[in-house]
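Open the model in your viewer and keep the selection box at hand. This tour goes from stop to stop, saying what to select and what is there.

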Amino acid sequence: MGPCPVVGQWQGSGLSLGLHGALPGGGAMAGIGALPGNKPDNTAFTQQRLPAWQPLLSAGTALPLFFCAGLACLALGLGLHFSSATIRELELDYTGAPGSGHNCSRCANASRAGAAGCTCSLRFELPERFPGPVCLYYQLANYYQNHRRYSVSRDDRQLSGVASGLSNPARECSPFRTDPRGIPIAPCGAIANSLFNDTFALYHLANGTFYPVPLDNRGISWWTDSNIKFSNPELINGSLEAAFRGTAKPPNWPHAAYTLDMGNLNNTGFINEDFIVWMRTAALPTFRKLYRRVREGNFSSGLPQGTYRLDITYNYPVLSFQGTKKVIFSTVSWMGGKNPFLGIVYLIFGSACILTGFVMLAVHIKFQKQNQMDVE
Amino acid sequence: LKRKRKKKNENKWVVVSNLPFESCKWKENPNRHYDCNKIKTTKYTFLSFIPKNIFEQFHRFANLYFVAIAALNFVPMVNAFQPAVSLIPICVIMAITAVKDAWEDFRRYQLDKEINNMVCLVYSRKESDYIEKCWKDVRVGDFVQLQCNEIIPADILLLYSSDQNGICHLETANLDGETNLKQRQVVKGFSNQNTPFDPELFQNTIVCEKPNNDLNKFNGFVEQPDHKRIGFGSESLLLRGCTIRNTEIAIGIVIYAGHETKAMLNNSGPRYKRSKIERRMNIDIFFCVGLLFIMCLIGALGHGIWNGSFSERPPYEVPDPNGNYLSSALAGFYMFLTMIILLQILIPISLYVSIEFVKLGQVFLIHNDIDLYDEDVDLPIQCRALNITEDLGQIQYIFSDKTGTLTENKMVFRRCTVDGNEFSHQENAKRLETHKELDSDDEDWARHQHFALPVIKIEKPDTLKQKNSKPLRRCQSARARFQGHARKKSLGRCDSLQSQVAFSSTIEKDVTPDNRLLMKVRDATLQIESLASFPSAKDTCSTTSVTDFFLALAICNTVVVSTATEPRQRVTAPPLMKPSGISLERIHQLLQRLKLANLGQSFSLTQSSSDLGASVNAKNSKENPAATDSYNKDDISTHTCSNSTDGDYDTDDRADAMPRKVSTEMGGASLDEVFGSVSQGHLQPEFCYEAESPDEAALVHAARAYSFTLMSRTPEQVTVRLPQGTLLTFDILCTLGFDSVRKRMSVVVRHPFTNEIIVYTKGADSVIMDLLEDPAKADFNMGRKLRRIHAKTQKHLDWYARYGLRTLCIAKKVLSEHDFRKWANFRREAEAAIDNRDELLMDTAQHLETKLTLLGATGIEDRLQEGVPDTIAALREAGIQIWVLTGDKQETAVNIAYSCKLLDQKDTVFTINTENKETCESLLNLTLEEVRKNSNVERTKWNFFGISLSSSLPASVASSPDIGLVVDGKTLNVIFQGKLEEKFLELTKYCRSVLCCRATPLQKSMVAKLVRRQLKVMTLSIGDGANDVSMIQAADVGIGISGQEGMQAVMASDFAISRFKHLKKLLLVHGHWCYSRLAKMVIYFFYKNVSYVSLLFWYQFFCGFSGTTMIDYWQMIFFNLFFTSMPPILFGILDKDVSAETLLSLPELYKSGQNSETYKLSTFSIAVMDAFYQSLICFFVPYLTYKDSDIDVFTFGTPINTISLFTILLHQALEMKTWTCFHWITMIGSVLLYFTFSTIYNAVCVVCNEPTSPFWLMEDQLSDPSFYLVCFITPVIALLPRYLVLAVRGTFRASPILKAQQLDKLPKEQRDLEIQRWRSGKQDTPSIPMASPSDEVDRTNSNLRVSQFLGQAAFTPHGNNDTQGLSTPEMNHLRDWILNGEGNSSTRRWAREEATAANSLGRPCPGRDLLEPTRIASPGPFTSHLTSDNAEELTPGSHRRSVSAVTL
């Protein structure tokens, strides 16, 4: 190397990053008289000659793509559309807004006043048979479960049964963290506190009498939620109540969490599926939540056509925020519930593609002509 | 801290020896206040790294912004995320930067350590000897002993040198890159070098100036105990970092140490400039801030209104911990802040870091480009500024220096005029042409190598052989042709050796003497001899001036002599003689006779001593015919680089050791010895002349060609061998170095025999001509003769300048002993002065250099660098305006401009030379008017075709008006002082090229600044010398050429290249790539952030503007940091929109960068609009799909996140023009990383990210068919418009870039054909001859120059006899030579132009109208030239270019 080994080192480092040469000049010319050690490597990478695919967009190359994509989308769209069209859905509004003359108006007013336990019933006709399994949803509108401060007002640690979560809920839960006496609330937070508490019972009119339709409440939440994410605190002496000792119920709840489903130890406390479904905060202000499924007994193959009656325990006030409540019966297909939009999008896009394809074809032909003229 | 006190108080720097205080405590040492020699260039220490680095990083606005936002997130009222989580991105980014900084600092630390622990010898009193100490332990006041080839540890004042003359040689390559040796001299009072220096006896106090960074400025004095002061200057200072050469031992006292050394003070770090894109980007960031503000405002208002719309608090409205609800106004305000946190990434934080990485990558690739590597000096391009790579793609104006930048700065002696007689050196000219041709052969070969690289790789051994033979081939054939000597032996080796020595390529060294002049020299020496025998004749003027002329060439310089075999081994004295056979008596006898001989002004040759007279004559007559022979022999030895000189060296040293006086006397003593030396001369080693400037070396080589060989130089003596082999040793009484103010240098010598004191001066003709002795004062005859000589010489000088030679005048003056003594006293005083020493020195110099007698003048050719015309043509085609700013003469500059195609023969050239403001103004006005008239015609013409052209060739405004403008420094002054800048600029806008001659460095930078500021354009300055530094710094991009003139320009530059031609690829290819890559990347980043952030914004409309995110925060962070960061970075480094070959062959493509086509307001806003459109699609397709379903927040967010990932990546894919394996890997890798990370994270994290547990989301979605359906259709819809537009644009080839991309797809031959067609389509007007294989242009360059010269010679009405150089036979010869150039396009072109010019002469040339009324001839050096120029113009068919020059 050059006269000064130090300088040489700088040079050798290819990238002259730190040009703070300790010697002045950063050793710029130290290479003079040295071996040709400063010659850059002649590799494809350093000389930017890596083999490469260089796509060029033009009408010619885009044409087949447009046609193929268009046809594929049309086909998919048709499939989607028909599969969506086979889904039966029935919506029943039971908000009972004042002045609507609805059966539930009375209960709506009562719930607004704070009274609970009001029941009302709706009669409705199923125009056609709903093949099973039929899902029973409730739908709330104008209900912002996705409000930031609301949706974080929960303690997942507590809900997963961690003892410390029970005794010391997360800060996010406040002001529903402790009751006025300072006793920690379980389950804490605004979401749990505002648990949807209307209940529904379905009756089928057969031979002049209403027979109850059995509603299955198992498996309405995600399996991972009810089995992994949510779990009750460890039982003390086999008693869930003892496990919850030292906690208070959420202010809006009539009973403590462990009494959510008294009879079924697998569906009470934090692992109550209605509770779990509610705790999965909805993405949009108008949302449904799965309430029950009809898949048992006589109705395992679906709901027959006919008259039904739905008995509603109207507890949940929605009028204060101009909300609505609905009950929805829906069948399911391979792609979930009714979803006409996707099919339509595919159809529209498919046809748009084909249309554009034709335009591009015209452009392509015209350009080729022009090109030839240019050449001439 | 303690040293500050003292330093502040004093203006002087006082150093005393450390030795008396060695046993004392350090506290008592008077030198304790000075820095120690340990250096520390690291920014951080181990402990201070974290706080200091964080502090430094907070200097960046973006970092502050993000930290502020992260801090805001800790405020519970407004937080949008988990407080701690929001610190992650800023921490990651700062950590990455910190790691980079730490690594850099560590490297610096290691280097420092290595340097600090280097060892040197320091005197210790305890040991009474020099002991080894580390550099870091050296203190100010220590005595340091330096040995040969040692690096100097600190700034040391030289007190002793083992050299008997008290000289120490330095190589300053580490400091300024100059490889020639510099001499340093022992401080004068310590020049008693016979006794070894004893530091213990040093009682003096050294007083000097305080540390500063001026390498060449240093002065002070040594105060002896008796208060006597001895002055010293920078010639006694050994600078840290330099290397001792050719000196066994040097001892000095440390004056400055460590960071106070000049080297360290000069060491400024890399420069940080802000590129145009970055400036543009900052504006757009403000736009983003505005956008952010609007979004937040909408959020705040929306939240307020939404909040206020409830009569009762709904259950989902959560009160604060105390159970209170906020008023809607306050809630709105809080929401505003929350939204800022939420939408913060609208300001692209990752952009800053990505840009840094991308620029590193770009710099790496530029640095590694093998085409920008210069094999001769083994230097790749240096990127000194790391962050303005993309500016290279946007240059609109180039300001170029001429010498060393356009030209090689390899000075070749070309012609000379002595005593009014011109010597054309036609043999020499021929030699140069042959050289050039061969050079271009080599270029061909090199080019071949470049293009056929794969082939070469296979045949490696073969090429290696070829490579070795390359220099051989050049030397051999070139020499063989004109000398007829075959010297096959060791030529190759010799060549390679030579390349290591500055300024001595073969072409510079070999000067073929002009036969006439050689005869004259021979006559002169003969005559002198005869005169010496019969000292009666008087008219010796002409002959002596010939010898004087060559003596001046050999002496009047600062060249250091060394030999080629051992390049750094200086020859201190010529290999004189064996000290045998000469009796003292005989010497005395000789001296006696010499004194008797009165030779008047001329000097005597030893041979002339009458003692040997007769035999001398006889011998001389024998020798004279052999003179050339001896020259040739000499040459042989030169090129065999013989090793047989070892013996001589021994004698050298001995001779060296002899007292000086004796050696001189003996030098002039005996003819036998003299002849002995001649015969020895055959075996003489080659002398390497190491000069500070190439002109000097060229002149010394020229003198040598006439057998006036410079043998040695010390500060006190200079020895020259005369043609007959006599050695003359002159005592140098004083050397007045060259400076740019005086523009001349002088040496004062005492003639060894006549004892006359002679001043030899050489310098710029304009200066010397004014300093000549007034002819009127001499007697009438002499006066007339002098006047004639002056006039003739002036004419020759004009001639030289006109065809691009650098001119120097040589003059002399004889001083009387008395005058000199007076002057010397004066000088000494000035030297000892500390205050305004420089002015005093200048004064004294000017005092001496008056009343000179003109000896002659030289014309030195500075050859154009290879590839310059081609490069300039290409750059111009790329739409770059090229200005040449030079300090050279107007004529020289104009001619270089023609030969490098800066000006075309058909251009109208306006020349403005004036010193008067009013005339300047009116001239500018007139010229403007004229120019406008012309361009209007052209514009209408263009409009006529415009409609049809504009669609396909929107950038074809290339029909530039062919107007050149030449102004000189004085005019520039007037323009700057008279506020005529705007008019000047207005005029230059119409000009094809602008030439500023005689410009000072300051003017150069002022011009660069003026254009940059007023026209708001991107400027680039390129230069190689110290005088270009200010210009380089004034421009947006400064490029230094690491050439012959040291490293100052390089140090000041952003990029340093070694050849001008590299500029072509640097700008056209790398500049274009860097610009388009970075511009696209920046736009993409804005797009990316806007499209991603607006997803969150759209969601606010569905969550009551409450600041909810539907995407898990970790996913969001990772989205920006990892999932979508790599592809754009890779894109920014590697994407190639057009291949290098196409970019080079179609310079026009550069215009896209110039016009900022990729990144401007419209593209930015389109990108932002597209981002909004895409985000709308990405949000609302899933929204409509999942509307009225039981989807939860994060399950809704997962497909949206996935969709936008696909959209953003596919958008990038559409932008990418090159898909290498790296691109595929990063693209696919990013997608895989996303899914892998998401599934793992969602499977593992049950409650880890409270309160928004993302558990099992991705798994759930992956099992849902509608997820796939949505993820397929949405990105496709989002990207359809862009795809459509790109496809249509691609079809219609809407831009040249797209067209070029399509050309790239074609097979090679077809592509070349297409490119040619494209270009020929552009050049309806054959203004720029474009031979597409560019080497042809190269080769024809020389012919062009000659033909132009021929044209001038042939058609100018210089009927003067003085133009002997262009006597008819020679001209014919030249013409033949040109015509014989087969297939030479230039010849044909020339002929064609001749024809057209003759035809078109009917049309009035535009310059003439202007010229006629304003032509006011004034007495001045240019007048004759000017009028003749005008005359040419008026003669029909005389001249092909119309020049309108106005001198006032």
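Start by selecting Cys173(A) and Cys188(A), which are joined by a disulfide with an S to S distance of 1.9 Å. A disulfide here is a pair of cysteine sulfur atoms within 2.5 Å. Both Cys173(A) and Cys188(A) sit in the loop between helix H6 (163–167) and helix H7 (190–193) of chain A, 15 residues apart, and the pair links distant parts of the chain. Helices (H or I, at least four residues) and strands (E, at least two) are DSSP runs, numbered from the N terminus. Cys173(A) is buried at 0% relative accessibility, and Cys188(A) is buried with a relative accessible area of 2%. Buried means under 20% relative accessible area, exposed over 50%, and partly exposed in between (1.4 Å probe, protein chains only).

Before moving on, note that this is a predicted model, in which local features need pLDDT of at least 70, side-chain atom pairs count only at pLDDT 80 or more, and totals for chains, interfaces and linings use all residues. Residues are numbered from 1 along each chain as its sequence is written, chains are lettered from A and ligands numbered from 1 in the order in which they are written, and side-chain values use heavy atoms, with hydrogens and water left out.

**More disulfides in chain A**

How many disulfides does a search of the whole structure find? It finds 3 over all chains. A disulfide is a covalent bond between the sulfur atoms of two cysteines.

Select Cys104(A) and Cys120(A) next; their disulfide has an S to S distance of 2.0 Å. The torsion about this S-S bond is about 90°, so the disulfide of Cys104(A) and Cys120(A) is right-handed. Cys104(A) lies in the loop between strand S1 (89–93) and helix H3 (105–113) of chain A, and Cys120(A) in strand S2 (residues 118–126) of chain A, so the pair ties together parts that are 16 residues apart in sequence. Cys104(A) and Cys120(A) are both buried.

Now select Cys107(A) and Cys118(A), a disulfide whose sulfur atoms are 1.7 Å apart. This pair also links distant parts of the chain, with Cys107(A) in helix H3 of chain A and Cys118(A) in strand S2 of chain A, 11 residues apart. Is the disulfide of Cys107(A) and Cys118(A) left-handed or right-handed? The torsion about its S-S bond is about -75°, so the disulfide is left-handed. Cys107(A) is buried at a relative accessible area of 0%, and Cys118(A) is buried at 11%.

With bonded cysteines counted along the chain, the disulfides of chain A follow the pattern 1-4, 2-3, 5-6.

**An exposed arginine**

Stay in chain A and select Arg123(A), which is in strand S2 of chain A. Arg123(A) is exposed, with a relative accessible area of 58%. Contact means heavy atoms within 4.5 Å. Leaving aside neighbours within four places in sequence, Arg123(A) is in contact with Leu205(A), Phe210(A), Thr307(A), Tyr308(A) and Arg309(A). Add Trp222(A) to the selection: Arg123(A) and Trp222(A) are 99 residues apart in sequence and 31 Å apart in space, C-alpha to C-alpha.

**Cysteines in chain B**

Move to chain B and select Cys809(B). The closest cysteine sulfur, in Cys416(B), is 12 Å from the sulfur of Cys809(B), too far for a bond. Cys809(B) is buried, with a relative accessible area of 0%. Cys997(B) is in no disulfide either, and the nearest cysteine sulfur, that of Cys996(B), is 7.2 Å away.

**An annotated site**

Select Asp401(B), Thr403(B), Asp1024(B) and Asp1028(B), which an unreviewed UniProt entry annotates as "binding site". They span 628 residues in sequence, yet no two of their C-alpha atoms are more than 10.4 Å apart, so they gather at one spot. UniProt positions are given in the numbering used here, feature names are shortened, and annotations may be inferred rather than shown by experiment.

Asp1024(B) lies in the loop between strand S31 (1019–1023) and helix H34 (1029–1034) of chain B and is buried, with a relative accessible area of 1%. Asp1028(B) is in the loop between S31 and H34 of chain B and counts as buried at 0% relative accessibility. Leaving aside neighbours within four places in sequence, Asp1028(B) is in contact with Asp401(B), Lys1004(B) and Gly1023(B).
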